[in-house]
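Visitor: I'd like a close look at a single part of this protein, with enough of the surroundings to see how that part sits in the whole. Could you pick one helix and walk me through it?

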Amino acid sequence: MIGREAHVMPATPTQGHVVVAPDKFKGTLEGAEVAARIAAGIRRAAPGVEVRELPVADGGEGTLAAALAAGFTRVPAKVAGPTGLPVDAAIAVRGDTAVVELAQSSGLARLPGGRTAPLAAGSFGVGQLIGRAVALGAKRVVVGLGGSACTDGGAGMVQALGVSLRDGEGTELAPGGAALRRLAAVDLGPLADVLRGVEVVVACDVDNPLLGPRGATAVYGPQKGADGEDLVVLEAGLTRWADVLRETTGRDFRDAPGAGAAGGVGFAALALLGATMRPGIELLLELLGFDEAVRGARLVVTGEGCLDAQTLHGKAPAGVAAAATRAGVRVAAVAGRVELAEDEWRKAGFVSAIALTDLAEQPGDSMTKAAELAELAGQRLAAGLLTG
């Protein structure tokens, strides 16, 4: 079937611009590429309509790119990757706000050769990126969690910021979640001074605690290569980490919603960085100035690789749809695949949903020709919703 928008009534001619605000199509196109192609299609079909491109993200991979597309400045930084090897990363800065994307330093995509290292992978590079932001004068650091390769409870992150983690013999712990089983003492060192006057905000879309059947190890460990004895080792390490931090600080965040995010990086952010947690897409839309961009608009177009049940639980398109609806603006979706039934995507606020798979001539074209099909989808939307 071509055009799931077939049941949408044509729009009556109105004034106003179009905001194109998609997330990335994972494995095919970055968010900025999706936005550019959909916008090109709209401009071709409705040349008199102003189109503004505002790619978005939900706090995971693509967060940095979305911030840069919205006018933040890219600041490069060479930091430790998940296995300690140096990687080229970056932060995004605008005024006294900086955006840090965990996946830039400690993501699965940063693993050398794609080989997982569930016991030894760490988050040291995330801390280095935060430190770089603070050194540049940032007073608000937004940390996007998602795509993590590690299950170290954020231990590496705080070590990079000056915290010392020692075993019973006074030796600094090696990176990774397995080493945390030997943790005996935590010295916070200069951490308070480093973060003085700095607000840390975590973009997080999960409510998992640190430990237990819904915790960082049980739920996300297998995605990072952990199985069997590895899972037992990592759970023991995180438990020891939480116990020693409770003894050191007098506070316990192991059960806090989001503590299990990114292999427990959420836990360390709450326990030691004084971070607050915000839903990823909500926070990113605020940073990107979405409310201002949508003011006076006649249509918002969003999307992602697959519009499915997960979309409805805090993913970027659902957040965009909710924000657009609050502003009284219609919103349509373009996705690589649409797995939601029409009543489901309409209930989520979309007036139209176009799947690239429905526009493709051959199986597989939705991946290999995603750019061309996204442009065609833009044309279809304009024809159905803008020109009548």
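**A close look at helix H12**

Guide: Let's start with what H12 leans on: its buried residues pack against helix H10 (280-288), helix H11 (290-294), S11, S12 and strand S13 (350-355). Keep in mind that this is a predicted model.

H12 itself covers residues 316-326, and eight of its eleven residues are buried, so the rest of the structure largely encloses this helix. Which residues of H12 are the buried ones? They are Ala316, Pro317, Ala318, Gly319, Val320, Ala321, Ala323 and Ala324. As background, an α-helix has 3.6 residues a turn, so residues three or four places apart point the same way. Just after H12 comes Gly328, with a positive phi near 75°.

Now for the neighbours, beginning with the strands. S11 runs over residues 299-307, and eight of its nine residues are buried. What does S11 pair with on the S12 side, and how? S11 and S12, the latter spanning residues 330-338, pair in the parallel sense over eight bridges. One pair to find on screen is Glu304, whose bridge partner in S12 is Ala335. So as not to lose the thread: S11 and S12 are both among the elements that the buried residues of H12 pack against.

S11 has another partner too. Strand S1 (residues 18-20) pairs with S11 in the parallel sense, over three bridges. There, Val20 has Val301 of S11 as its bridge partner. Val20 also leads us to another helix, H1 (residues 31-45), where Ala39 has its place. Leaving out residues up to four places away in sequence, Ala39 touches Val20, Val51 and Glu53. Is Ala39 buried or exposed? Ala39 is buried, and its relative accessible area is 0%. Between Ala39 and Val51, twelve residues apart along the chain, the C-alpha separation is 6.3 Å. That gives you a trail to follow on screen: H12 packs against S11, S11 pairs with S1, and Val20 is touched by Ala39.

Back to H12 and out the other way, through H10. Leu287 lies in H10 and is buried, with a relative accessible area of 8%. Which residues does Leu287 contact, beyond its neighbours within four places in sequence? The list is Phe72, Arg94, Thr97, Val99, Arg140 and Val142. Take Val142: Leu287 is 145 residues from Val142 in sequence, yet their C-alpha atoms are 9.3 Å apart.

Arg140 and Val142 bring us to strand S6. They sit on one side of S6 along with Gly144, while Val141 and Val143 are on the other, and all of these are buried, so to speak covering both faces. In a regular strand the side chains alternate between the two faces of the sheet. S6 takes in residues 140-144, and five of the five are buried, so this strand is largely enclosed by the rest of the structure.

S6 has strands to either hand of our story. Strand S5 (residues 97-101) pairs with S6 in the parallel sense over five bridges, and Thr97 stands opposite Arg140. Both Thr97 and Arg140 are on the contact list of Leu287. Strand S9 (residues 199-203) pairs with S6 as well, in the parallel sense and over five bridges. In S9, Ala203 is the bridge partner of Gly144.

Finally, step back to the whole chain. The secondary structure comes to 16 helices and 13 strands. The radius of gyration is 22 Å, close to the 21 Å from the globule rule for 388 residues, so the chain is as compact as a globular protein of that length. Along the principal axes, the C-alpha atoms fill a box of roughly 75 × 45 × 35 Å. Of the 388 residues, 56% count as buried. How many of the contacts between residues at least 6 apart in sequence join residues at least 24 apart? The figure is 72%, and the contact of Leu287 with Val142, 145 residues away in sequence, is a handy one to look at.

Notes: Residues are numbered from 1 along each chain as its sequence is written. This is a predicted model: local features need pLDDT of at least 70, side-chain atom pairs count only at pLDDT 80 or more; totals for chains, interfaces and linings use all residues. Side-chain values use heavy atoms; hydrogens and water are left out. Helices (H or I, at least four residues) and strands (E, at least two) are DSSP runs, numbered from the N terminus. The radius of gyration is taken over C-alpha atoms; the globule rule is 2.2 Å times the number of residues to the power 0.38. Buried means under 20% relative accessible area, exposed over 50%, partly exposed in between (1.4 Å probe, protein chains only). Contact means heavy atoms within 4.5 Å. Two strands pair if DSSP finds at least two bridges between them.
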